[in-house]
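Here are some notes to read alongside the model, written for someone opening it for the first time. Keep the viewer open and follow the points in order.

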Amino acid sequence: MSQLASTLTALLAGEFICPVAHPVGYALLSEEEHRAVAEAWVAVLDKRLVRLGDEGAFFLAPDIADNEARKAVRESLRSVRVQLSPIVPVLEAIRQAQGQDAHLQPGLTLWESELAERVRLTPALEQQVMELSLSGMRLDSSSNDRISRMLDFLEKERYAVKVDEKSSGYRLTGKIEFLYAVLEVIAENSELISDAAVVDQEQLRLLEAGQE
């Protein structure tokens, strides 16, 4: 399978093509010639290639904003609100306590041991971590277990990839920018996420990212 075909397969699987998770594919799609081929190919499937900003990750979105697409957006919003919106502020708080930029950026590496140590040394952070409600997490789980679960979840959802199998480092992918876009929509419509009108009002902002 060619590198471009492999990249298209990853796109169809819902992957975000960025320099961290898919460096070769990202380089290909950054070239106009290969991007044009990809755009023509996915158009046959009623999809379109979308990019987060001028240098962000590539991903696929429906070519037509039909009811199915709107339903997918609403489900994405609800999923993020329940599972990810509590995690990001905690990670940002920990990084800020470390004297680092709190905003999570693509390419940033989060080291589980460093996060756990900062939490152990900061009672307020430890309390914040212990108050997290994560799917499948026991109420009596330690703060270390909760941090590990947070990072595992980011990896599972492809917001991060392991640095290597032996380390406890997780490198954030370009999909993290999409997560912030979702969190912004949630913040603006926190009481209306279940309402179909929200998706109409937002004009499917999440599906149209980077098209303006």
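1. Let's start with Trp41, which sits in helix H3. Bear in mind that this is a predicted model. Trp41 comes out as partly exposed, because its relative accessibility is 40% and that label covers the range between under 20% (buried) and over 50% (exposed).

2. Which residues does Trp41 touch, once its neighbours within four places in sequence are left aside? The contacts are Leu8 and Leu12. Leu8 is 33 residues from Trp41 along the chain, yet their C-alpha atoms are separated by just 8.6 Å.

3. Leu12 and Trp41 turn up together again on the surface, where they form a nonpolar patch with Val44 and Leu45. Taken together, these four residues have about 390 Å² of accessible area. To find Leu45, look in the loop between helix H3 (32–43) and strand E1 (47–51). Leu45 is partly exposed, at 41% relative accessibility.

4. Next, have a look at the open sheet of three strands, ordered E3-E5-E4 and paired in the antiparallel sense. Why do E3 and E4 each have a side without a neighbour in the sheet? Strand E3 (109–111) and strand E4 (160–162) are at the edges and have a single partner strand each, so one side of each stays unpaired. On average, and ignoring direction, neighbouring strands here are turned by 30° against each other.

5. Now for the pairing itself. E3 and strand E5 (residues 169–172) are antiparallel and share three bridges. In that pairing, Trp111 has Gly169 in E5 as its bridge partner, while Thr109 is matched with Arg171 in E5.

6. On the other side of the pairing scheme, E4 and E5 also run antiparallel, joined by three bridges. Arg171 of E5 shows up here too, as the bridge partner of Val161. The link from E4 to E5 is a hairpin of six residues.

7. What lies across E3 and E5? That would be helix H6 (residues 112–121), which runs at about 55° to E3. H6 also holds a salt bridge, between Arg120 and Glu117. Their closest N and O atoms are 2.8 Å apart, and the two residues are three positions apart, about one turn of the helix. Arg120 is exposed, with a relative accessible area of 52%, whereas Glu117 is partly exposed at 36%.

8. How many salt bridges are there by this rule? The count is two. Besides the pair in H6, there is one between Glu15 and Arg158, with the closest N and O atoms 3.2 Å apart. Glu15 belongs to the loop between helix H1 (3–12) and helix H2 (23–29), and Arg158 to the loop between H8 and E4, so this pair ties together parts that are 143 residues apart in sequence. Glu15 is buried, with a relative accessible area of 18%, but Arg158 is partly exposed at 32%.

9. One last stop is Ser141, in the loop between helix H7 (123–130) and helix H8 (143–156). Is Ser141 buried or exposed? Ser141 is buried, because its relative accessible area is 8% and the cut-off for that label is under 20%. Setting aside residues up to four places away in sequence, Ser141 touches Met130 and Arg146.

Methods:
Residues numbered from 1 in each chain as written. Predicted model: local features only at pLDDT ≥ 70, side-chain atom pairs only at ≥ 80, totals over all residues. Heavy atoms only, no water. Pairing = 2+ DSSP bridges. Helix = DSSP H or I, 4+ residues; strand = E, 2+ residues; numbered from the N terminus. Axes fitted to C-alpha atoms, helices over the stretch in contact; angles between N-to-C directions. Contact = heavy atoms within 4.5 Å. Patch = residues over 30% accessible without salt bridge, like charges linked within 9 Å, V, L, I, M, F, W, Y side chains within 5 Å. Areas by Shrake-Rupley, 256 points an atom, 1.4 Å probe, with all protein chains shown as cover. Salt bridge = Lys/Arg side-chain N within 4 Å of Asp/Glu carboxyl O. Buried < 20%, exposed > 50% of the residue type's maximum accessible area, 1.4 Å probe, protein only.
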